[in-house]
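Walk through this structure from its surface to its core. Start with the chain as a whole, then follow the helices, the packing and the links.

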Amino acid sequence: MRFSSPRPRALALLLAGAALTLSPLAGQASAKQPVDNLRNPCFTPQGGATARGGFGPDTTQLTAAQQRVIEAASDRLYAVKQRQGLAPSAGRLAAAEVPVYVHVMRSNSGAGDVTDNQISRQIDVLNKTFAGQESSQATNTGFRFRLSGTYRYNNDTWHTDGQSTTYRSQTRKGGKNALNIWLVDFDYLGIATFPWEYSNTPKIDGIRVLYNSLPGGSSTNFNLGETATHEAGHWFGLYHTFQGGCTDTNDEVSDTPAQSSASSGCPEGRNSCSLPGNDPIHNYMDYSYDSCYNQFTAGQSSRISKMWTSYRA
């Protein structure tokens, strides 16, 4: 995995005093493009999770101890917002319209360009998925997305996600509530920053998405626009549903059954964990095909609300 920046200091600060060491990939979540030859395979995460498409390891997993530190820090921030009167009232969740800035990172010859129609359809997908409109079991998170700007660049290095810290720092728009999407050509379907990183690295906050994963793109099984939904879920503070493996803590969400490893394809009835419930293969935060995805849960909506209030409101 290509990262030109060191481990985010914000996460290091959250973990200060915990005697924990993270990989340089920590604080970033990703999904790998299903390709046969990977130029830069990264380390194998705990549990041996494979990427969407079934090719190799893809994302740093936090240990249970690291998760506890992050959760405690988030709880403290949320309590501060409550005392300030900035948190939702009892029984209610946060909701907002999120401005979206799309950065099309083309090569000098124009490769990697996407149409305005594709971008519009991608925003429609985000609005549909976060509104719970793909399944009767899905939850409306209360968040909507508004395209606030589209920017196109011609740069061979940026097109392939080279100098990613530089190009994000130079092009990012908006504040902590703004979702920036950089469309690039790389070996992964997507890479996202988590909300607890923003305070220290605001200029690189956002998600990087394979341009061919937009609606109508050429990435077989991954061209319905659901990669952006998955990565936006991380941007809001959601873990993979298989985070932590077969444990009660798992992804910090009680209504997503624990799973030992990521799914691939759409394996109905898959049950990789001895804890109750089949694997949540239809959840946007697993690694299923786009056509298999159809829901966020009520628990994930609550977590999104909490993380939004703590870090982005």
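The chain exposes about 12100 Å². Carbon and sulfur atoms supply 47% of that area. The model is predicted. It has 313 residues, and buried ones make up 57% of them.

The chain holds seven helices and six strands. From the N terminus on, their order is α-β-α-β-α-β-α-α-β-β-β-α-α. Consider the contacts with a sequence separation of 6 or more: 68% of them join residues 24 or more positions apart.

Now take helix H3, residues 116–130. Its 15 residues reach 21 Å from the first C-alpha to the last. That is close to the 21 Å expected at 1.5 Å a residue. Which residues of H3 are buried? They are Gln118, Ile119, Gln122, Ile123, Val125, Leu126, Asn127, Thr129 and Phe130. An α-helix has 3.6 residues a turn, so residues three or four places apart point the same way. What do the buried residues of H3 pack against? Their partners include three strands: S2 (96–106), S3 (143–154) and S4 (179–184). Helices H6 (226–236) and H7 (298–312) are partners too. After H3 comes Gly132, with a positive phi near 70°.

Helix H6 is mostly covered, with 11 of its 11 residues buried. Among them are the charged or polar names Glu226, Thr227, Thr229, His230, Glu231 and His234. Ala228, Ala232, Gly233, Trp235 and Phe236 are buried as well. H6 is followed by Gly237, whose phi is also positive, near 115°.

The packing leads to the nonpolar cores. The largest has 31 residues. Leu126, Phe145, Leu179, Leu183 and Phe236 have the most contacts inside it. Which elements give two or more residues to this core? They are S2, H3, S3, S4, strand S6 (207–210), H6 and H7. Leu126 belongs to the buried set of H3, and Phe236 to that of H6.

Leu179 shows how the contacts spread. Set aside its neighbours within four places in sequence. Leu179 then touches Val98, Pro99, Val100 and Tyr101, among others. Its contacts also include Leu126, Phe145 and Ile207. Ala232 and Trp235 complete the list. Apart from the largest core lies another, of 12 residues. Tyr153, Trp158, Tyr167 and Trp182 are among its members.

Next, the aromatic rings. The count comes to 21 aromatic pairs. One of them joins Tyr153 and Trp158, with ring centres 6.1 Å apart. How are the two planes set, stacked or edge-to-face? They stand at 65°, so the pair is edge-to-face. The cut-off for that class is over 60 degrees. Trp158 is buried, with a relative accessible area of 12%. Elsewhere, ring pairs link a cluster of Phe130, Phe143, Phe145, Trp235, Phe236, Tyr284, Tyr293, Phe296 and Trp308. Phe130 sits in H3 among its buried residues. Trp235 and Phe236 are buried in H6.

Last come the covalent links. A disulfide is a covalent bond between the sulfur atoms of two cysteines. How many disulfides does a search of the whole structure find? It finds two.

Cys246 and Cys273 form one disulfide, with sulfur atoms 1.9 Å apart. The angle about its S-S bond is 70°, and the link is right-handed. Both cysteines lie in the loop between H6 and H7, so the pair ties together parts that are 27 residues apart in sequence. Cys246 has 30% relative accessibility, so it counts as partly exposed. Cys273 has 6%, so it counts as buried.

Cys266 and Cys292 form the other disulfide, with sulfur atoms 2.1 Å apart. This link is right-handed too, with 65° about the S-S bond. Cys266 and Cys292 also lie in the loop between H6 and H7, so the pair ties together parts that are 26 residues apart in sequence. Cys266 counts as partly exposed, at 34% relative accessibility. Cys292 is buried, with a relative accessible area of 2%.

How do the two links fit along the chain? Counting bonded cysteines along the chain, the disulfides follow the pattern 1-3, 2-4.

Key. Residues numbered from 1 in each chain as written. Predicted model: local features only at pLDDT ≥ 70, side-chain atom pairs only at ≥ 80, totals over all residues. Heavy atoms only, no water. Helix = DSSP H or I, 4+ residues; strand = E, 2+ residues; numbered from the N terminus. Expected span 1.5 Å × (residues − 1). Buried < 20%, exposed > 50% of the residue type's maximum accessible area, 1.4 Å probe, protein only. Contact = heavy atoms within 4.5 Å. Disulfide = S-S within 2.5 Å. Core = buried A, V, L, I, M, F, W, Y, C linked by side-chain atoms within 4.5 Å. Areas by Shrake-Rupley, 256 points an atom, 1.4 Å probe, with all protein chains shown as cover. Phe/Tyr/Trp six-rings, centres within 6.5 Å; stacked < 30°, edge-to-face > 60°.
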